[in-house]
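Welcome to this guided tour! Please open the structure in your viewer and get ready to select a few things along the way.

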Amino acid sequence: MNNKIKGILWLVAASVGFSLMGAFVKLSGDLPVIQKSLFRNIIGIILPLYFVYKYKAPLFGHRENQLTLILRSVFGMIGVLLNYYAIDRMVLSDADMLNKLSPFFTILFCAWFLKEYIKKYQFISMIIAFIGALFIIKPNFSSDMYIAIIGVLGAMFAGLAYTTLRVLGSKEKFYTTVFYFSFVSTIVLIPLTLLTYQPMTNAQIIYLILSGLFATLGQFGLTIAYSYAPAKDISIFFYTTVLFSAIIGFILFNETPDLLSYLGYIIIFFASYYMFVKAKVKQH
């Protein structure tokens with residue numbers, strides 16, 4: 001098995017992880033998103049902490065990277081909270097596809113803040129993707145539309161978080177960055193959870209622990225996948241998350257996306273595929 005195949009398999013494993021994370025977040029029921037996110041981050045501390053100690057890496061990174069690490073953590077935390085809000089209130093695959101707008105936001109923010117040049121094909125892809133998002137959002141000024149916009153904002157904050165990772169580059173190990181993100185999120189969310197805490201059943205606690213475990217699997221699967229093969233060769237396979245989310249949503253919640261949503265999926269996938277193909281051509 002060559003490295004590209006290994007990368008694809010790890011990326012599909014990450015997709016399964018994130019899809020199941022969304023399913024367990026939704027199964028945990030009507031709890032505050034802050035409380036749900038806290039569980040994800042407490043679980044998310046444990047595994048990277050093991051790697052930090054194993055490889056004797058700095059627990060909180062290097063002094064010169066502190067501002068970037070804090071910004072990455074804050075943007076990532078807001079992105080997760082908004083994404084969880086959308087997952088709770090939308091068809092699972094709709095929420096997942098809106099979250100997949102994050103790479104397009106990353107391109108936009110890298111151009112804005114880091115002065116990276118937006119190539120023509122990237123600009124075309126972004127326009128197509130946002131047109132696709134409109135089919136999922138369905139602008140009609142209803143409460144559903146506002147929930148969908150929150151889903152898009154979740155992708156936007158994820159894009160900001162990924163932009164800070166671009167700044168970090170290889171200055172910090174991935175497990176240090178993941179630990180820092182989970183630690184900062186936990187510290188911020190504990191007092192907020194105490195203010196809004198709702199008692200949980202044993203089943204809800206189990207669902208939230210599982211959501212944290214599968215989120216961690218997704219994070220590490222993603223990282224390992226890109227260690228085997230460059231993003232330009234395999235990133236398109238991350239869209240299998242939407243397929244898994246649609247299947248899980250149908251089986252567990254009897255959810256069926258409407259025709260406009262399916263059209264939005266196809267348009268956003270086409271935009272991503274177009275960018276994927278153009279990026280590969282530019283490399284040769």
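Before the first stop, sort the amino acids into classes: Ala, Val, Leu, Ile, Met, Phe, Trp, Tyr, Cys and Pro count as nonpolar, Asp, Glu, Lys and Arg as charged, and the others, Gly among them, as polar. What you have open is a predicted model, in which local features need pLDDT of at least 70, side-chain atom pairs count only at pLDDT 80 or more, and totals for chains, interfaces and linings use all residues. Residues are numbered from 1 along each chain as its sequence is written, and side-chain values use heavy atoms, with hydrogens and water left out.

**Stop 1: an open pocket**

Rolling a probe the size of a water molecule over the atoms shows where empty space is left. Here that is done on a 1 Å grid over the protein atoms alone: a cavity is a set of points where a 1.4 Å probe fits but cannot get out, while a pocket is an open set with protein on both sides within 12 Å along at least five of seven lines; lining residues have an atom within 4 Å of a point. Points are joined across faces, edges and corners, and a volume is the space filled by probe spheres set on them.

Select Met90, Asp94, Ile136, Lys138 and Asp144, which lie nearest the centre of the second largest pocket, among its 16 lining residues. Helix H6 (120-137) and helix H7 (143-168) are the elements that give two or more residues to this lining. Helices (H or I, at least four residues) and strands (E, at least two) are DSSP runs, numbered from the N terminus. H7 gives the most to the lining, with 4 residues. The space in this second largest pocket is about 220 Å³, and its lining divides into 8 nonpolar, 3 polar and 5 charged residues.

**Stop 2: helices side by side**

Keep H7 selected and add H3. Their axes come within 7 Å and cross at roughly 155 degrees; axes are lines fitted to C-alpha atoms, for helices over the stretch in contact, and angles run from 0 to 180 degrees between N-to-C directions. H3 and H7 are therefore roughly antiparallel (angles under 35 degrees count as roughly parallel, over 145 as roughly antiparallel, 65 to 115 as roughly perpendicular and the rest as oblique). Their contact has 17 nonpolar, 7 polar and 2 charged residues.

Now swap H7 for helix H4 (residues 92-99). The axes of H3 (residues 66-89) and H4 also come within 7 Å and cross at roughly 155 degrees, so these two are roughly antiparallel to each other.

For another angle, show helix H2 (residues 33-54) with helix H9 (residues 202-228): they pack at about 45 degrees, with their axes 8 Å apart. H2 and H9 are therefore oblique to each other.

**Stop 3: a closed cavity**

How many cavities of 30 Å³ or more are there? The count comes to 1. The largest cavity has a volume of about 80 Å³. Select its lining: Arg40, Asn41, Gly44, Val178, Phe181, Ser182, Ala215, Thr216, Gln219 and Phe220. H2, helix H8 (174-196) and H9 each supply at least two of the lining residues, and H9 gives the most, with 4. By class, this lining has 4 nonpolar, 5 polar and 1 charged residues.

**Stop 4: far in sequence**

Finally, find Ala246 in helix H11 (residues 240-253). Ala246 is partly exposed, with a relative accessible area of 22% (buried means under 20%, exposed over 50%, partly exposed in between, with a 1.4 Å probe and protein chains only). Add Ser19: Ala246 and Ser19 are 227 residues apart in sequence and 8.9 Å apart in space, C-alpha to C-alpha.
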